[in-house]
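Trainee: I should like to take a close look at a single part of this structure. Please go through the chosen part in one connected account.

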Amino acid sequence: MSFQLTVLKVLAGQPTGRASVAEVRSAVEILMNSGRDWTDRMKRLAEHAPDLNIFSAKFVFRDALGWEITQEGRQFLSALEKAAADQRERPRPQPTIDPPSNERHAHALDIAEPHGASFDRRRWPRRRRRKARSDRRTA
């Protein structure tokens with residue numbers, strides 16, 4: 001699904017909305033290999049269109065010169081992006097855990113840093129390897 005959404009995005013990004021199959025293939029390859037951001041973005045969009053087929057839905061027109069996004073395809077893509085943006089903007093429910101009543105305990109929780117995603121290795125100095133000495137004796 002995210003592949004077809006990427007094709008829609010590529011075609012929508014063209015000035016005329018049209019591209020040859022080779023141009024689409026090249027642009028899709030670049031985007032799909034560009035990193036986690038693009039993949040995650042397309043997955044979020046795909047959640048709103050699980051059974052998408054851009055050709056049978058007539059969002060993309062194919063001919064001998066290449067592929068072209070239709071007006072319906074542009075409208076669909078715009079609505080899909082709006083739905084995904086609305087979902088991201090909704091506030092997430094906060095956990096219903098009561099804050100600790102003991103102030104000292106609360107302070108200890110603030111100081112304690114989990115050894116996980118928030119752990120920042122850049123805070124610690126790097127260990128450097130010593131240069132190999134050529135005058136070192138071996139047994």
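The request and the reply below concern helix α1 and the sheet on which helix α1 packs.

Trainee: Which strands does helix α1 touch where it packs on the sheet, and which residues of helix α3 does α1 meet?

Mentor: The model is a predicted one, and the account is best begun with the sheet itself. Three strands form an open sheet in the order β1-β3-β2, with antiparallel pairing. Since β1 and β2 stand at the edges and have a single partner strand each, one side of each is left without a neighbour in the sheet. Helix α1, residues 2–12, packs on this sheet and touches β1, β2 and β3, and the direction of α1 makes about 85° with that of β3.

The pairings within the sheet can be followed residue by residue. Strand β1 comprises residues 18–19 and strand β3 residues 66–69; two bridges pair them in the antiparallel sense. Arg18 has Glu68 of β3 as its bridge partner, while Ala19 stands opposite Trp67 in β3. On the other side of the pairing scheme, strand β2, residues 60–63, is joined to β3 by four bridges, and these two strands also run antiparallel. Here Phe61 stands opposite Glu68. Glu68 in β3 thus faces Phe61 and is also the bridge partner of Arg18. The connection from β2 to β3 is a hairpin through two residues.

To return to the helix, Gln4 is a residue of α1. Its relative accessible area is 19%, and Gln4 is therefore classed as buried, the cut-off being under 20%. Setting aside neighbours within four places in sequence, Gln4 is in contact with Leu52, Asn53 and Ile54.

Helix α1 also has a helical partner. In general, the packing of two helices is described by the angle between their axes and the distance between the axes. For α1 and helix α3, residues 36–46, the axes come within 9 Å and cross at roughly 100°. That angle makes α1 roughly perpendicular to α3. From α1, the residues Ser2, Leu5, Thr6 and Lys9 take part, and they meet Trp38, Arg41, Met42, Leu45 and Ala46 in α3. Classed by type, the contact of α1 with α3 has five nonpolar, two polar and two charged residues.

In answer to both parts of the request, then, α1 touches β1, β2 and β3 of the sheet, and α1 meets Trp38, Arg41, Met42, Leu45 and Ala46 in α3.

Conventions. Residues numbered from 1 in each chain as written. Predicted model: local features only at pLDDT ≥ 70, side-chain atom pairs only at ≥ 80, totals over all residues. Heavy atoms only, no water. Pairing = 2+ DSSP bridges. Contact = heavy atoms within 4.5 Å. Axes fitted to C-alpha atoms, helices over the stretch in contact; angles between N-to-C directions. Buried < 20%, exposed > 50% of the residue type's maximum accessible area, 1.4 Å probe, protein only. Parallel < 35°, antiparallel > 145°, perpendicular 65-115°, else oblique. Nonpolar A, V, L, I, M, F, W, Y, C, P; charged D, E, K, R; others polar.
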